Amino acid sequence: METIQMLHKRIVDARAVGDSDFEQTALVMFVAFGHRLEDALRKYADKIVEAACCNNAQRLRELRDGLCALREVLIEWRLVAEELGVFTRSESAGSGGGSCSPCAPAASFTEGRDA
């Protein structure tokens, strides 16, 4: 998606020139975009429940298609987040461990997601 790639480029460019203020601003924007993706995913879930309760097969198909597209964007966002180090592995996690620590801008993302 263009938004993810544009933000990725801004963060990489800011790091290349050592502009930490711009990098932090771009990281905040990147994480905020992740928040919006998570919100959209929750809204899709609500709409799917509604359509299923009404036995609306056509609406469920439409929602499935949209959900598949959203899933692709979420996967891309997560891959770019990992590449940029938005989420860094904890040293104590060991190989194959599963604990991640967010960078400062991403801390709000993980807190908002747990709510």
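This is a short guided tour of a predicted model, going from the whole chain to its core and then to one residue.

Begin with the whole protein chain in a cartoon view, where you can pick out four helices and two strands, which follow one another along the sequence in the pattern α-α-α-β-β-α. If you then switch to a surface view, the accessible surface of the protein chain comes to about 7,400 Å², and 53% of that surface belongs to carbon and sulfur atoms. Of the 115 residues in the protein chain, 28% count as buried.

Next, select I4, F30, F33, L37, W77 and V86, which belong to the largest nonpolar core, a group of 18 residues, and which touch the most other members of that core. Colour α1 (2-17), α2 and α3 (57-84) as well, since each of these helices supplies at least two residues of this core, with the largest share, seven residues, coming from α3.

Stay with L37 for a moment and show what surrounds it: leaving out residues up to four places away in sequence, L37 touches L70, V73, L74 and W77.

Now move to E23, which lies in helix α2, the helix that spans residues 20-53. Is E23 buried or exposed? E23 counts as buried because its relative accessible area is 15%, which is under the 20% cut-off. To see what lies around E23, select I11, A14 and R15, with which E23 is in contact when its neighbours within four places in sequence are left aside. Finally, display the side chains of E23 and R15, which make a polar contact with each other at 2.6 Å.

Terms used
Residues are numbered from 1 along each chain as its sequence is written. This is a predicted model: local features need pLDDT of at least 70, side-chain atom pairs count only at pLDDT 80 or more; totals for chains, interfaces and linings use all residues. Side-chain values use heavy atoms; hydrogens and water are left out. Buried means under 20% relative accessible area, exposed over 50%, partly exposed in between (1.4 Å probe, protein chains only). A polar contact is a pair of N or O atoms within 3.5 Å; within protein, one must be able to donate a hydrogen and the other to accept it, and residues adjacent in sequence count only if both atoms are side-chain atoms. Contact means heavy atoms within 4.5 Å. Accessible areas come from the Shrake-Rupley method with a 1.4 Å probe; for residues, only the protein chains shown count as cover. A nonpolar core is a set of buried Ala, Val, Leu, Ile, Met, Phe, Trp, Tyr and Cys residues joined through side-chain atoms within 4.5 Å.
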